[in-house]
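Dear colleague,

Please find below the structure that I am handing over to you. A summary of what was found in it follows.

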Amino acid sequence: MTRHVREGVKSVVRNGWMTFASAGAIAISLLILGIFVMLALNVNHLAAQVEKEVEIRVFLDVDVPQDVVLSLQNEIGLIPEVSKVTFVPKEEGFKIFQKTLGKNGQKLLEGFDEKNNNPLPDAFTVEVSEPRDVGKVAGQIEALNQGKETQPIMKVDYGKDTVENLFYYTRLIRNIGIVFVILLAFTAMFLIANTIKLTIFTRRKEIAIMKMVGATNHFIRWPFFIEGAILGLIGSVVPTVILFVIYSQLEEKALLFRLLPLKEIAPNLSLLLIGIGLVLGIWGSVLSVRKYLKV
């Protein structure tokens, strides 16, 4: 094994330009793949953040007794999919509405006051554990009116059409991202394998001579196995370092939305890229040398 490792390292150094070409092909392919994996992870993160903002607004009827409000809050909180129920008194709702309208919309509230002449009802803000359950939970909340003499719930709103469109497009973006990354990975495999085949092709006479003087397939194959692993390691570590340096700069300067922290994605992404690099380097070498062992 010591001999195999030594010969593999010598081959990497001796075949300078071909080593550079093979490692370069792996590095460029994995750099592009890494960029799109990072992009897909952040798009998925952004979609998840947007989905988390989805909440249900439960507007109560006017003059609902306090004990009924508390009872209703408890009933909503007992729904398994509900993670949080917040009571929003109409005074607070008025202030939130004012902020939403901004300065240009203040004229719409002329003549109204948060205490004495408040047109808004009390309400609950309901958050769910899984955003996609929001429609189901809204239906369960509406059903709480049933069997009561005076129905305390005036309206349940979660922006049905907007939410359904949001879920559709976030799911579409995720699927497109996954498909694109898979296609890119296969393209990288094809490119890397063919580059390594070219490297082995230039050494076909060396393999033939070794075979003719009695070397076994196993003996010939091992140095190429080690060489492929070294090429894969070099070609994956370089783009991994480049990606992390660039990403750390982008993370500090991101303005539109917050990127996933580098420390969260670095371990898995580095394992992915280095693992792919090693597998492709070894696989490409072993597969390519097999053809020239038939002498």
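To begin with the contacts in the protein chain: among those with a separation of 6 or more, 82% join residues that are 24 or more positions apart. Please bear in mind that the model is predicted.

The protein chain has nine helices and four strands, and along the sequence they follow the pattern α-α-β-α-β-α-β-α-β-α-α-α-α. Of its 295 residues, 36% count as buried. The accessible surface of the protein chain comes to about 17900 Å², and 63% of that surface belongs to carbon and sulfur atoms.

Next, the interior. In soluble globular proteins, nonpolar side chains tend to be buried together. The largest nonpolar core here has 24 residues. Those with the most contacts inside this core are Ile-56, Val-58, Ile-76, Phe-124, Val-126, Val-134 and Ile-141. Two or more residues of the core come from each of strand S1 (56–60), helix H3 (66–77), strand S2 (82–88), strand S3 (123–128), helix H5 (134–142), strand S4 (153–157) and helix H6. H5 gives the most to this core, with four residues.

Ile-76 may serve as an example from this core. Leaving aside residues up to four places away in sequence, Ile-76 touches Val-82, Val-85, Phe-124, Val-126, Ile-141 and Leu-144. Apart from this core lies another, of 19 residues, which include Val-181, Leu-184, Leu-231 and Phe-244.

The model also contains pockets to consider. The largest pocket has a volume of about 360 Å³. Its lining is made up of 17 residues, of which Phe-36, Ala-40, Gly-177, Ile-178 and Val-181 are the closest to the centre of the pocket. Helix H2 (16–52), helix H6 (160–201) and helix H9 (262–291) are the elements that give two or more residues to the lining. The largest share, eight residues, comes from H2. By type, the lining residues divide into 14 nonpolar, two polar and one charged.

Finally, a note on one residue of helix H6, Lys-160. Is Lys-160 buried or exposed? Neither term applies: its relative accessibility is 48%, and residues between the limits of 20% and 50% count as partly exposed, so Lys-160 counts as partly exposed. Lys-160 and Ile-56 are 104 residues apart in sequence, and their C-alpha atoms are 9.9 Å apart in space.

With kind regards

Key
Residues numbered from 1 in each chain as written. Predicted model: local features only at pLDDT ≥ 70, side-chain atom pairs only at ≥ 80, totals over all residues. Heavy atoms only, no water. 1 Å grid on protein atoms, 1.4 Å probe; cavity = no way out; pocket = protein on both sides within 12 Å on 5 of 7 lines; lining within 4 Å. Points joined across faces, edges and corners; volume = space filled by probe spheres on them. Nonpolar A, V, L, I, M, F, W, Y, C, P; charged D, E, K, R; others polar. Core = buried A, V, L, I, M, F, W, Y, C linked by side-chain atoms within 4.5 Å. Buried < 20%, exposed > 50% of the residue type's maximum accessible area, 1.4 Å probe, protein only. Contact = heavy atoms within 4.5 Å. Areas by Shrake-Rupley, 256 points an atom, 1.4 Å probe, with all protein chains shown as cover.
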